[in-house]
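The following exercises are to be worked with the sequence and the structure at hand. Each task is followed by a solution in steps.

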Amino acid sequence: MKKTLALALALVMALGLAACGGGSTPAATQAPAATAAPAATQAPAATEAPKAEEAPAEASDGGDSITLDVIICQYGPNTNDWFLGKGMNGTNFVDKFESENPGVKLNLEVVSWNDVYTVVDTRIANNNAPDILNIDVFANYANEGLLLPVKDYCPDDLLNDFFPSFIDQSVIDGTVWAVPDLASARALFYNVDMLEEVGVEVPSTWAELQDVSQAILDYYDGEVYPWGIDMTTDEGQAAFAYYTWGNGGGFVDDNGDWAVNSDENVEAIEYAISLVSDGFTNPNPATQTRYDLQDMFAAGKLAMVIAPNQLPTYVSDKGGNINMATAALPANEGKTGSSVGVMDRVMAFKDDSAPDQAARNEAIGKFLKFFYDPENYVGWVSMEGFLPAVNSAVAALVASDDSFAAWLNVLDSCQFYPTAKAEWDQVKQGVIAAEQNALAGGDVRSELDALQAQLMG
Amino acid sequence: MANLTGKKWRPYLWLLPSIVLIAVFVVYPILIVFRLSFSEISKAGIVGDFIGFRNYSDAVSLPAFKTVMRNTLWWVLSVVGLSTLFGFIIALVINQRFHGRKIVRAILIFPWATSLVIQASVWNYIIKYEYGNLNNLLLNLGIIRQAINWRSSYQVEFVWECAVGIFVTVPFVTFCVLSGLQSIDSSLYEAATMDGAGFWSKLWNITLPLVRPSLTVSTVLNIIYVFNSFPIVYTMTKGAPANKTDTMITFLYMLSFYDRKKGPATALSVIGFLILCLCAGAYMFFVMRKEEEG
């Protein structure tokens with residue numbers, strides 16, 4: 001009897017501990033799964049607990065006041081201060097918005113990129129979706145009928161202010177489901193001094209890239225990596241885009257259908273893998289993220305890297321003093337390279353329980369008007385070094401910083417990931433897995449064929 | 001009589017808060033996960049209809065499933081097995097009287113007292129090829145002439161993960177065993193010495209049987225903890241390349257929040273839970289039967 005009781009107790013204990021799962025080895029039961037995510041390049045996630053987590057979206061605050069639940073992603077160390085601290089000229093976004101828009105309250109939470117998917121998914125599963133969400137993806141939410149069409153809440157003058165090529169990225173079946181909040185563009189950054197010392201020009205074709213890499217490798221006797229590649233789960237899809245777009249391929253064909261296993265793509269990824277196996281790159285592209293590469297570039301250990309427009313700020317923040325310049329991404333002979341644009345979005349969720357839908361939509365519109373008002377928006381975009389998504393901000397940004405003009409041109413010509421397609425999650429993870437398997441010795445064509453077959457099946 | 005009945009129920013009254021807490025925060029979530037594993041879950045996380053065992057069949061037919069299960073087995077066996085062995089040996093050593101014993105004990109607890117994410121990040125820096133401490137140290141000592149890529153393949157990376165797992169788990173085993181060792185009456189060893197018993201004989205016939213309860217506790221807890229361990233693998237490789245260094249816990253996290261296959265991820269977590277119950281239950285049963293026989 002005692003034995004049975006002890007066994008039962010032990011099992012209960014096991015149940016309990018297992019349920020607390022995601023935990024850890026005995027050393028640290030305190031590290032829950034999501035917060036244990038490493039690449040925490042930003043400050044800890046939700047340092048600002050929502051003021052009223054339990055408050056219903058449409059809480060009545062003495063009269064006709066509407067409360068909007070807003071989730072904003074943490075782009076950098078200043079985001080929290082801007083929205084909730086004193087980063088907006090001594091005040092913050094929430095206070096300023098509420099004072100200018102009586103009747104609308106914001107329950108705004110800044111969440112780190114590491115946690116935001118977990119937070120949003122959990123809230124949706126618990127029927128507690130935010131009213132306004134800032135995130136990168138939108139197709140799943142739109143396809144499952146969770147989002148409001150943008151035209152329901154966004155004033156026309158604002159909608160017309162967005163760059164049309166940006167808005168096009170958020171359209172499914174002719175309906176706009178989200179608006180871009182900001183963008184960044186990628187370019188090839190190179191260490192000018194290093195290339196001059198070696199006596200080579202920045203490469204514009206794949207063949208030149210190999211020659212230049214060999215020259216750098218020989219000159220520095222392997223002490224400097226000529227070229228950086230990130231094929232991690234963080235950004236492996238970007239690597240896929242850089243090389244396939246530079247070879248006339250890409251995620252989709254001319255009709256917009258998935259074509260991940262095209263001949264151009266296979267050739268492009270085989271080329272990228274050959275750069276690794278020839279020793280021209282950082283040695284562990286499957287685990288060395290873009291931030292590792294940027295660190296190496298800042299430390300003078302890497303000669304060339306494809307990075308977003310914020311790299312100069314990143315390098316100087318790290319104490320690096322690199323004489324750098326930008327160039328177009330190298331492409332295969334006779335092909336044109338295309339820069340990669342990355343865009344995040346703002347979207348509004350439906351809330352059938354809201355007593356007055358029109359008033360709610362109007363409140364969401366007020367939020368957007370305030371957010372994109374050049375007086376507020378220019379500060380927000382330039383604060384973290386991003387590129388704007390609305391025309392009205394361009395003049396002010398270019399006036400404040402000359403380099404913006406060049407980047408806006410890049411942005412004008414770049415391609416975006418096909419995030420409006422429902423299978424994007426699967427494709428993104430699929431191409432990363434294909435790249436990583438190829439790095440471990442797998443065959444590129446059979447990897448991509450398998451992914452394409454999954455997408456067709 | 002009423003008084004007696006009161007006495008009989010009183011212990012349960014004291015236990016009630018714990019029972020309520022366990023029911024709300026442990027049993028209820030477990031039941032929810034079981035229910036979810038039989039339901040269709042959309043990419044955005046909306047729970048749909050009952051779909052029987054489809055999530056389970058989807059989970060086990062994932063291409064990475066076999067690799068992940070094999071990794072998990074190696075991970076648990078190597079970390080639990082070797083940390084138990086090393087922990088036991090270290091406990092025997094620091095149970096001896098020597099100068100600085102207290103300092104050694106204090107140092108030993110460091111790996112255990114530090115957050116796993118920090119530990120794994122630090123080890124990432126130590127074995128970094130470009131400017132890692134290990135390469136710097138060996139280069140400065142003149143032991144190597146060229147930096148070594150300590151992460152030359154995913155197999156090697158997985159071995160590193162296991163090594164870090166062992167490193168952080170050893171202190172726990174050591175202190176469990178040490179508590180068992182300190183409860184052994186020294187007169188037993190004196191009597192055995194008088195009878196002419198050697199080191200191995202005393203270890204086998206006195207030490208091991210008497211620390212078995214401590215070893216049982218540490219092993220069962222370790223199986224559960226190590227199986228569920230997330231931070232080391234996630235921080236060091238995120239399962240890359242292509243799930244080849246994933247264990248079950250990191251795999252199901254990636255499956256849920258990166259691949260957005262929440263149904264199969266939930267099914268996998270139930271499978272993991274059942275495996276753990278089975279392992280822990282079987283181990284306890286086996287050990288307790290032995291103890292009773294003994």
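**Exercise 1. A helix pair**

In this predicted model, α18(A) passes α19(A) in a right-handed crossing. Determine how the axes of α18(A) and α19(A) are related, and which residues make the contact.

Solution. Step 1: locate the helices. Helix α18 of chain A covers residues 424-439, and helix α19 of chain A covers residues 444-456.

Step 2: consider the axes. They come within 9 Å and cross at roughly 160 degrees. Because angles over 145 degrees count as roughly antiparallel, α18(A) is roughly antiparallel to α19(A).

Step 3: list the contact residues. From α18(A) these are Q426(A), V427(A), G430(A), V431(A), A434(A), N437(A) and A438(A). From α19(A) they are V444(A), E447(A), L448(A), L451(A), Q454(A) and L455(A).

Step 4: sort them by class. The contact of α18(A) with α19(A) comprises eight nonpolar residues, four polar residues and one charged residue.

**Exercise 2. Two domains of chain A**

Describe the side of domain 1 of chain A that touches domain 2 of chain A.

Solution. Step 1: set the bounds. Domain 1 consists of 66-183 + 342-416, and domain 2 of 185-341 + 421-456. Their C-alpha centres lie 30 Å apart.

Step 2: count the residues involved. In chain A, 14 residues of domain 1 are in contact with 13 residues of domain 2.

Step 3: assign the domain 1 side to elements. Those giving two or more residues are α5 (139-143), β10 (340-348), α17 (403-413) and β11 (415-416) of chain A. The largest share, four residues, comes from α17(A).

Step 4: classify this side. It has ten nonpolar and four polar residues, and no charged residues.

**Exercise 3. Backbone exceptions**

Which peptide bond is described as cis, and which residue has a positive phi although it is not a glycine?

Solution. Step 1: recall the usual case. Most residues other than glycine have a negative phi, and most peptide bonds are trans.

Step 2: identify the bond. The peptide bond from A240(B) to P241(B) is cis, with omega near -5 degrees. P241(B) lies in the loop between α11 (231-236) and α12 (248-257) of chain B.

Step 3: identify the residue. N127(A) has a positive phi of about 60 degrees. N127(A) is placed in the loop between α4 (113-125) and β3 (132-135) of chain A.

**Exercise 4. Confidence in chain A**

Report the mean pLDDT of chain A and a stretch where pLDDT stays under 50.

Solution. Step 1: the mean pLDDT of chain A is 85, and 86% of its residues reach 70 or more.

Step 2: over residues 12-62 of chain A, pLDDT stays under 50. For these residues the model has 122 contacts beyond four places in sequence.

Note on methods: Residues numbered from 1 in each chain as written. Chains lettered and ligands numbered in written order. Predicted model: local features only at pLDDT ≥ 70, side-chain atom pairs only at ≥ 80, totals over all residues. Axes fitted to C-alpha atoms, helices over the stretch in contact; angles between N-to-C directions. Parallel < 35°, antiparallel > 145°, perpendicular 65-115°, else oblique. Left-handed = near helix turned anticlockwise from the far one by under 90°. Contact = placed C-beta atoms within 7 Å. Nonpolar A, V, L, I, M, F, W, Y, C, P; charged D, E, K, R; others polar. pLDDT = per-residue confidence, 0-100. Domains from an automatic or database assignment.
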